[in-house]
Amino acid sequence: WLQGDRALFLPVSTQAPRDLSGRVADFRLLAPSRAISLFGVPAASVPVATSTLGSPISVQVVAPAFREDIALAVCAHLSQHLPGGGSTLREVPSAC
């Protein structure tokens, strides 16, 4: 997938958004995002749903090296084709 017009869809977080009041940051939640950053390839995230708490749930779009255009184009396409043009997201239970 490192060449051509391909993209990977990966989770941004290991868990759906939840109430973190009273807790320090749990960096394990963002392990998928941090791992992609280590590779130095272009990545962007786009919200695709909301949790029952109303927090966005996003996917990470990862493109081949030096192909930021692919990551951004895929995110724009997803955003435009979500119900309501990206302004209305579907709800996902917080236990996911």
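**Salt bridges and exposure around arginine 67**

Author: In this predicted model, aspartate 5 has a relative accessible area of 64%.

Reader: Why is aspartate 5 called exposed?

Author: The word exposed is used for a relative accessible area over 50%, and because aspartate 5 has 64%, the residue is called exposed.

Reader: What makes the contact between aspartate 5 and arginine 67 a salt bridge?

Author: A salt bridge requires a side-chain nitrogen of Lys or Arg within 4 Å of a carboxyl oxygen of Asp or Glu, and the side chains of aspartate 5 and arginine 67 meet at 3.1 Å, N to O, so the pair fits that description. Aspartate 5 lies in the segment before β1 (8-11), while arginine 67 lies in the loop between β3 and α2, so the salt bridge ties together parts that are 62 residues apart in sequence.

Reader: Why is arginine 67 called partly exposed?

Author: Its relative accessibility is 27%, and since partly exposed covers the range between 20% and 50%, arginine 67 is therefore placed in that class.

Reader: How do you know that arginine 67 and aspartate 69 also form a salt bridge?

Author: Their side chains meet at 2.8 Å, N to O, and because the cut-off is 4 Å, this pair qualifies. Aspartate 69 is partly exposed, with a relative accessible area of 44%. Salt bridges that share partners join Asp5, Arg67 and Asp69 into one network, and a search of the whole structure finds 2 salt bridges.

Reader: Why is phenylalanine 66 called exposed?

Author: Phenylalanine 66, in the loop between β3 (56-62) and α2 (68-81), has a relative accessible area of 75%, which is over 50%, so the residue counts as exposed. Phenylalanine 66 also has a positive phi of about 65°, although it is not a glycine.

How values were computed: Residues numbered from 1 in each chain as written. Predicted model: local features only at pLDDT ≥ 70, side-chain atom pairs only at ≥ 80, totals over all residues. Heavy atoms only, no water. Helix = DSSP H or I, 4+ residues; strand = E, 2+ residues; numbered from the N terminus. Buried < 20%, exposed > 50% of the residue type's maximum accessible area, 1.4 Å probe, protein only.
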